[in-house]
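Here is a short tour of one protein model. Keep the sequence and the 3D view open as you read.

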Amino acid sequence: MGFDDMDVSTIWMNGEYVDWDDAQIHVLSHGLHYGTGIFEGVRAYDTDRGPAIFRWEEHLERLYNSAKPYNMDIDYTPEELTEATIEVIKRNDLDGCYIRPIAYYGYDSLGVSPQDNPTDIAIAAWPWGTYLGEDALENGVDVMVSSWRKHASSQIPTNAKTTGLYVNSLLAGEEARRNGYVEAIVLNKEGNVAEGPGENLFMVRDGKILTPGLSQSILDGITRDTVITLARERGYEVDDSAVISRGELHTADELFFTGSAAEVTPIRKVDNVVIGEGTRGPVTEELQTAFFDLVERRTDDHEEWFTYVDEQ
(Lines give C-alpha, C1' and ligand atoms only; values in the text may rest on other atoms or scores of the structure.)
Protein backbone atom coordinates (compact mmCIF):
# COMPACT_ATOMS: atom_id res chain seq x y z
CA MET A 1 0.00 0.00 0.00
CA GLY A 2 1.41 3.37 -1.04
CA PHE A 3 0.99 6.61 0.85
CA ASP A 4 -1.60 7.83 -1.66
CA ASP A 5 -3.83 4.92 -0.60
CA MET A 6 -3.67 5.84 3.08
CA ASP A 7 -5.99 8.14 4.96
CA VAL A 8 -3.30 10.31 6.54
CA SER A 9 -3.35 14.09 6.44
CA THR A 10 -0.79 15.71 8.74
CA ILE A 11 2.97 15.76 9.38
CA TRP A 12 4.79 17.80 12.02
CA MET A 13 7.72 19.78 10.57
CA ASN A 14 9.92 22.21 12.47
CA GLY A 15 7.30 23.02 15.06
CA GLU A 16 4.29 23.24 12.75
CA TYR A 17 1.57 20.82 11.67
CA VAL A 18 1.44 20.82 7.89
CA ASP A 19 -0.69 19.06 5.32
CA TRP A 20 0.77 15.74 4.22
CA ASP A 21 1.23 16.89 0.60
CA ASP A 22 2.94 20.10 1.70
CA ALA A 23 5.64 18.38 3.80
CA GLN A 24 8.46 19.10 1.34
CA ILE A 25 12.13 20.10 1.37
CA HIS A 26 14.36 21.98 -1.04
CA VAL A 27 16.17 19.90 -3.68
CA LEU A 28 19.49 21.35 -2.47
CA SER A 29 19.03 20.28 1.13
CA HIS A 30 22.29 18.98 2.58
CA GLY A 31 20.75 15.74 3.86
CA LEU A 32 19.50 14.80 0.39
CA HIS A 33 22.97 15.09 -1.14
CA TYR A 34 25.15 13.65 1.63
CA GLY A 35 22.87 11.43 3.70
CA THR A 36 23.30 13.65 6.76
CA GLY A 37 20.15 12.69 8.60
CA ILE A 38 19.16 10.56 11.55
CA PHE A 39 15.87 8.84 12.20
CA GLU A 40 13.89 6.38 14.26
CA GLY A 41 11.30 3.75 13.44
CA VAL A 42 8.74 3.32 16.21
CA ARG A 43 5.46 1.43 16.48
CA ALA A 44 2.30 2.31 18.33
CA TYR A 45 -0.02 -0.61 19.02
CA ASP A 46 -3.81 -0.63 19.20
CA THR A 47 -4.72 -1.58 22.77
CA ASP A 48 -7.86 -1.47 24.93
CA ARG A 49 -6.53 1.84 26.27
CA GLY A 50 -6.11 3.29 22.80
CA PRO A 51 -2.87 3.63 20.80
CA ALA A 52 0.23 2.89 22.89
CA ILE A 53 3.68 3.92 21.64
CA PHE A 54 6.17 1.19 22.41
CA ARG A 55 9.43 2.22 24.13
CA TRP A 56 9.14 5.80 22.95
CA GLU A 57 11.61 7.11 25.53
CA GLU A 58 14.30 4.67 24.39
CA HIS A 59 13.74 5.62 20.75
CA LEU A 60 14.00 9.31 21.61
CA GLU A 61 17.20 8.72 23.55
CA ARG A 62 18.71 6.94 20.56
CA LEU A 63 17.62 9.76 18.25
CA TYR A 64 19.46 12.34 20.33
CA ASN A 65 22.49 10.06 20.65
CA SER A 66 22.55 9.51 16.89
CA ALA A 67 22.83 13.26 16.41
CA LYS A 68 26.01 13.53 18.45
CA PRO A 69 28.60 12.15 15.97
CA TYR A 70 27.33 14.63 13.37
CA ASN A 71 27.31 17.67 15.68
CA MET A 72 23.62 17.96 14.91
CA ASP A 73 21.64 20.12 17.32
CA ILE A 74 18.01 19.14 17.78
CA ASP A 75 16.35 22.35 18.93
CA TYR A 76 13.39 20.62 20.53
CA THR A 77 13.20 18.92 23.89
CA PRO A 78 12.10 15.30 24.27
CA GLU A 79 8.88 16.59 25.81
CA GLU A 80 8.18 18.76 22.74
CA LEU A 81 8.83 15.85 20.36
CA THR A 82 6.58 13.63 22.45
CA GLU A 83 3.78 16.19 22.36
CA ALA A 84 4.17 16.57 18.59
CA THR A 85 4.12 12.81 18.02
CA ILE A 86 0.99 12.30 20.08
CA GLU A 87 -0.74 15.13 18.24
CA VAL A 88 0.25 13.68 14.84
CA ILE A 89 -1.28 10.33 15.81
CA LYS A 90 -4.46 12.06 16.99
CA ARG A 91 -4.79 14.33 13.95
CA ASN A 92 -4.40 11.36 11.63
CA ASP A 93 -6.92 9.35 13.71
CA LEU A 94 -4.53 6.39 13.96
CA ASP A 95 -4.71 3.37 16.22
CA GLY A 96 -1.84 0.99 15.51
CA CYS A 97 0.74 2.81 13.39
CA TYR A 98 4.38 3.29 12.47
CA ILE A 99 6.08 6.52 13.55
CA ARG A 100 9.04 8.10 11.76
CA PRO A 101 10.90 10.95 13.48
CA ILE A 102 13.70 12.30 11.26
CA ALA A 103 16.23 15.08 11.69
CA TYR A 104 18.54 16.20 8.88
CA TYR A 105 20.75 19.03 7.74
CA GLY A 106 18.59 21.27 5.59
CA TYR A 107 18.97 24.00 3.01
CA ASP A 108 21.55 26.80 3.09
CA SER A 109 24.85 25.76 1.50
CA LEU A 110 26.08 22.64 -0.25
CA GLY A 111 29.66 22.11 0.80
CA VAL A 112 30.39 18.79 2.46
CA SER A 113 30.59 20.57 5.80
CA PRO A 114 27.07 21.15 7.13
CA GLN A 115 28.13 23.94 9.50
CA ASP A 116 25.98 26.64 7.85
CA ASN A 117 22.91 24.48 7.44
CA PRO A 118 19.93 24.32 9.78
CA THR A 119 18.82 21.10 11.43
CA ASP A 120 15.31 20.35 10.23
CA ILE A 121 13.11 17.82 11.96
CA ALA A 122 9.85 16.12 11.09
CA ILE A 123 7.56 13.47 12.53
CA ALA A 124 5.16 11.40 10.44
CA ALA A 125 2.92 8.45 11.30
CA TRP A 126 0.94 6.03 9.14
CA PRO A 127 -0.55 2.52 9.20
CA TRP A 128 2.06 -0.11 8.36
CA GLY A 129 1.43 -3.83 8.55
CA THR A 130 3.87 -6.70 8.75
CA TYR A 131 7.19 -5.53 7.29
CA LEU A 132 8.35 -8.81 5.73
CA GLY A 133 4.97 -10.06 4.55
CA GLU A 134 1.67 -11.04 6.08
CA ASP A 135 2.49 -14.73 6.50
CA ALA A 136 6.08 -14.16 7.61
CA LEU A 137 5.31 -14.07 11.33
CA GLU A 138 3.94 -17.61 11.24
CA ASN A 139 5.70 -19.29 8.34
CA GLY A 140 9.04 -17.49 8.35
CA VAL A 141 11.09 -16.02 5.53
CA ASP A 142 13.78 -17.28 3.17
CA VAL A 143 16.96 -15.21 3.27
CA MET A 144 20.40 -15.15 1.70
CA VAL A 145 23.77 -14.05 2.97
CA SER A 146 24.53 -10.91 1.02
CA SER A 147 27.75 -10.30 -0.90
CA TRP A 148 27.66 -6.77 0.56
CA ARG A 149 29.38 -6.33 3.93
CA LYS A 150 28.30 -4.13 6.82
CA HIS A 151 30.55 -1.13 7.30
CA ALA A 152 32.70 -1.11 10.43
CA SER A 153 32.27 1.27 13.35
CA SER A 154 35.81 2.50 12.68
CA GLN A 155 34.54 3.79 9.33
CA ILE A 156 31.10 5.18 10.20
CA PRO A 157 29.37 4.98 13.60
CA THR A 158 27.22 1.87 13.44
CA ASN A 159 25.19 2.68 16.53
CA ALA A 160 23.86 5.92 15.07
CA LYS A 161 20.73 5.40 12.99
CA THR A 162 21.84 7.47 10.02
CA THR A 163 19.87 7.94 6.82
CA GLY A 164 22.80 7.67 4.41
CA LEU A 165 24.00 4.39 5.88
CA TYR A 166 20.85 2.64 4.69
CA VAL A 167 22.28 2.57 1.18
CA ASN A 168 24.21 -0.42 2.54
CA SER A 169 20.93 -1.98 3.66
CA LEU A 170 19.25 -1.23 0.33
CA LEU A 171 22.02 -2.94 -1.64
CA ALA A 172 21.88 -6.06 0.51
CA GLY A 173 18.10 -6.28 0.55
CA GLU A 174 17.63 -5.69 -3.15
CA GLU A 175 20.31 -8.23 -3.98
CA ALA A 176 18.35 -10.77 -1.96
CA ARG A 177 15.04 -9.93 -3.61
CA ARG A 178 16.54 -10.09 -7.11
CA ASN A 179 17.61 -13.62 -6.26
CA GLY A 180 14.20 -14.68 -5.06
CA TYR A 181 14.64 -14.20 -1.30
CA VAL A 182 12.62 -12.05 1.07
CA GLU A 183 15.54 -10.54 2.97
CA ALA A 184 19.31 -10.62 3.45
CA ILE A 185 21.76 -11.33 6.22
CA VAL A 186 24.80 -9.05 6.21
CA LEU A 187 28.25 -10.06 7.43
CA ASN A 188 30.70 -7.61 8.96
CA LYS A 189 34.17 -6.88 7.57
CA GLU A 190 35.61 -9.85 9.49
CA GLY A 191 33.11 -12.18 7.82
CA ASN A 192 31.02 -12.81 10.92
CA VAL A 193 27.28 -12.31 11.13
CA ALA A 194 26.18 -8.74 11.80
CA GLU A 195 22.44 -8.31 11.16
CA GLY A 196 19.76 -7.95 8.52
CA PRO A 197 19.39 -4.80 6.42
CA GLY A 198 16.84 -3.45 8.88
CA GLU A 199 16.76 -6.09 11.60
CA ASN A 200 18.85 -7.68 14.32
CA LEU A 201 19.38 -11.43 14.19
CA PHE A 202 19.00 -14.15 16.83
CA MET A 203 20.11 -17.76 16.75
CA VAL A 204 18.89 -20.64 18.93
CA ARG A 205 21.27 -23.53 19.50
CA ASP A 206 20.80 -26.32 22.06
CA GLY A 207 18.27 -24.23 23.94
CA LYS A 208 20.61 -21.24 24.24
CA ILE A 209 19.89 -17.92 22.51
CA LEU A 210 22.69 -16.01 20.82
CA THR A 211 22.73 -12.63 19.12
CA PRO A 212 25.69 -10.67 17.71
CA GLY A 213 27.14 -8.12 20.12
CA LEU A 214 27.66 -4.42 19.54
CA SER A 215 31.30 -5.06 18.58
CA GLN A 216 30.03 -6.87 15.47
CA SER A 217 28.97 -3.59 13.78
CA ILE A 218 25.28 -3.88 14.61
CA LEU A 219 22.70 -1.30 15.54
CA ASP A 220 21.70 -1.69 19.19
CA GLY A 221 18.10 -2.47 18.42
CA ILE A 222 15.34 -1.63 20.87
CA THR A 223 13.27 -4.66 19.86
CA ARG A 224 16.49 -6.66 20.24
CA ASP A 225 16.77 -5.46 23.82
CA THR A 226 13.09 -6.24 24.39
CA VAL A 227 13.46 -9.83 23.21
CA ILE A 228 16.62 -10.33 25.28
CA THR A 229 14.71 -9.15 28.34
CA LEU A 230 11.70 -11.36 27.61
CA ALA A 231 13.93 -14.39 27.01
CA ARG A 232 15.84 -13.98 30.25
CA GLU A 233 12.60 -13.51 32.16
CA ARG A 234 11.55 -16.90 30.82
CA GLY A 235 14.70 -18.58 31.98
CA TYR A 236 16.66 -18.71 28.74
CA GLU A 237 20.41 -18.24 28.71
CA VAL A 238 21.13 -15.38 26.32
CA ASP A 239 24.55 -14.48 24.92
CA ASP A 240 24.09 -10.92 23.66
CA SER A 241 27.76 -10.51 22.75
CA ALA A 242 28.01 -13.53 20.49
CA VAL A 243 30.36 -13.90 17.54
CA ILE A 244 28.52 -16.00 14.95
CA SER A 245 30.24 -17.32 11.85
CA ARG A 246 28.45 -17.66 8.54
CA GLY A 247 28.60 -21.44 8.70
CA GLU A 248 26.85 -21.52 12.06
CA LEU A 249 23.73 -20.09 10.45
CA HIS A 250 23.14 -23.31 8.50
CA THR A 251 23.39 -25.54 11.58
CA ALA A 252 21.23 -23.39 13.88
CA ASP A 253 18.18 -24.93 15.48
CA GLU A 254 16.27 -21.68 14.93
CA LEU A 255 16.91 -18.22 13.54
CA PHE A 256 14.77 -15.11 13.73
CA PHE A 257 14.87 -11.39 13.02
CA THR A 258 13.81 -8.61 15.36
CA GLY A 259 13.10 -4.95 14.68
CA SER A 260 10.50 -2.24 15.14
CA ALA A 261 9.23 -2.91 11.63
CA ALA A 262 9.93 -6.66 11.44
CA GLU A 263 8.88 -7.28 15.09
CA VAL A 264 9.77 -10.98 15.64
CA THR A 265 10.03 -12.81 12.31
CA PRO A 266 11.24 -16.42 11.96
CA ILE A 267 13.83 -17.37 9.34
CA ARG A 268 12.96 -20.55 7.45
CA LYS A 269 15.93 -20.93 5.10
CA VAL A 270 19.36 -19.37 4.62
CA ASP A 271 20.84 -19.72 1.12
CA ASN A 272 18.24 -22.44 0.46
CA VAL A 273 19.48 -24.44 3.47
CA VAL A 274 16.55 -25.35 5.70
CA ILE A 275 16.92 -24.10 9.28
CA GLY A 276 15.83 -26.64 11.90
CA GLU A 277 12.56 -28.20 10.80
CA GLY A 278 11.90 -25.47 8.26
CA THR A 279 9.13 -23.99 10.37
CA ARG A 280 8.83 -21.48 13.18
CA GLY A 281 10.73 -23.09 16.04
CA PRO A 282 9.38 -23.47 19.57
CA VAL A 283 11.68 -20.88 21.14
CA THR A 284 10.92 -18.37 18.41
CA GLU A 285 7.21 -19.01 18.81
CA GLU A 286 7.36 -18.59 22.59
CA LEU A 287 9.24 -15.29 22.34
CA GLN A 288 7.08 -14.05 19.48
CA THR A 289 3.95 -14.79 21.50
CA ALA A 290 5.43 -13.09 24.55
CA PHE A 291 6.32 -10.06 22.44
CA PHE A 292 2.85 -9.63 20.95
CA ASP A 293 1.15 -10.32 24.27
CA LEU A 294 3.29 -7.50 25.64
CA VAL A 295 2.87 -4.88 22.92
CA GLU A 296 -0.84 -5.52 22.46
CA ARG A 297 -1.21 -5.27 26.25
CA ARG A 298 -2.63 -8.71 26.93
CA THR A 299 -0.29 -8.64 29.90
CA ASP A 300 0.48 -5.91 32.42
CA ASP A 301 4.24 -6.50 32.26
CA HIS A 302 6.60 -3.62 31.58
CA GLU A 303 4.03 -0.87 31.83
CA GLU A 304 6.97 1.57 31.86
CA TRP A 305 7.61 0.81 28.18
CA PHE A 306 4.34 2.32 26.95
CA THR A 307 3.14 5.85 26.24
CA TYR A 308 -0.66 5.88 25.91
CA VAL A 309 -1.72 8.49 23.36
CA ASP A 310 -5.24 9.04 24.67
CA GLU A 311 -3.99 9.58 28.22
CA GLN A 312 -1.56 12.36 27.40
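Is T36 buried or exposed? The sections below start with that residue, in what is a predicted model.

## T36 and its surroundings

T36 is buried, because its relative accessibility is 15% and the cut-off for buried is under 20%. Find T36 in the loop between α1 (30–34) and β3 (37–39).

Now look at the side chain. A polar contact of 2.8 Å links the side chain of T36 to that of H30. Leave out residues up to four places away in sequence, and T36 touches H30, G31, M72, Y104, Y105 and T163. H30 is therefore in both descriptions: it is among the residues that T36 touches, and its side chain makes the polar contact.

## An exposed residue in a helix

Next, go to V167. This residue sits in helix α5 (residues 166–178). V167 is exposed, because its relative accessible area is 52% and exposed means over 50%.

Where does the chain bring V167 and G35 in space? They are 132 residues apart along the chain, and 9.2 Å separates their C-alpha atoms.

## Salt bridges

How many salt bridges does the model hold? The count comes to 22. Three of them are described here, pair by pair.

Start with E58 and R55. Their side chains form a salt bridge, with 3.4 Å from N to O. E58 is partly exposed, at a relative accessible area of 23%. R55 is buried, at 6%. So this pair joins a partly exposed residue to a buried one.

The second pair is R91 and E87. Their salt bridge spans 2.9 Å, N to O. Both residues belong to helix α3 (residues 78–91). They lie 4 residues apart, which is about one turn of the helix. R91 is partly exposed, with a relative accessible area of 44%. E87 is partly exposed too, with 27%.

The third pair is R232 and D240. Here the N to O distance in the salt bridge is 3.5 Å. R232 counts as partly exposed, at 42% relative accessibility. D240 is also partly exposed, with a relative accessible area of 27%. Elsewhere, salt bridges with shared partners tie R49, R297, E303 and E311 into one network.

## The second largest pocket

Finally, turn to a pocket. The second largest one has a volume of about 630 Å³. How many residues line the second largest pocket? The lining has 21 residues. Those that lie nearest the centre are F3, W20, R100, A124 and W126.

Which elements give two or more residues to this lining? They are β1 (10–13), β6 (97–105) and β7 (119–126). Of these, β7 gives the most, with 4 residues.

What kinds of residue make up the lining of the second largest pocket? The split is 16 nonpolar, 3 polar and 2 charged.

## Looking back

Return to the 3D view and trace the main stops again. T36 is buried and lies in a loop. V167 is exposed and lies in helix α5. R91 and E87 share helix α3 and meet in a salt bridge. The second largest pocket takes 4 lining residues from β7.

Conventions:
Residues are numbered from 1 along each chain as its sequence is written. This is a predicted model: local features need pLDDT of at least 70, side-chain atom pairs count only at pLDDT 80 or more; totals for chains, interfaces and linings use all residues. Side-chain values use heavy atoms; hydrogens and water are left out. A salt bridge is a side-chain nitrogen of Lys or Arg within 4 Å of a carboxyl oxygen of Asp or Glu. Buried means under 20% relative accessible area, exposed over 50%, partly exposed in between (1.4 Å probe, protein chains only). A polar contact is a pair of N or O atoms within 3.5 Å; within protein, one must be able to donate a hydrogen and the other to accept it, and residues adjacent in sequence count only if both atoms are side-chain atoms. Contact means heavy atoms within 4.5 Å. On a 1 Å grid over the protein atoms alone, a cavity is a set of points where a 1.4 Å probe fits but cannot get out, and a pocket is an open set with protein on both sides within 12 Å along at least five of seven lines; lining residues have an atom within 4 Å of a point. Grid points are joined across faces, edges and corners, and a volume is the space filled by probe spheres set on the points. Ala, Val, Leu, Ile, Met, Phe, Trp, Tyr, Cys and Pro count as nonpolar, Asp, Glu, Lys and Arg as charged, and the others, Gly among them, as polar.
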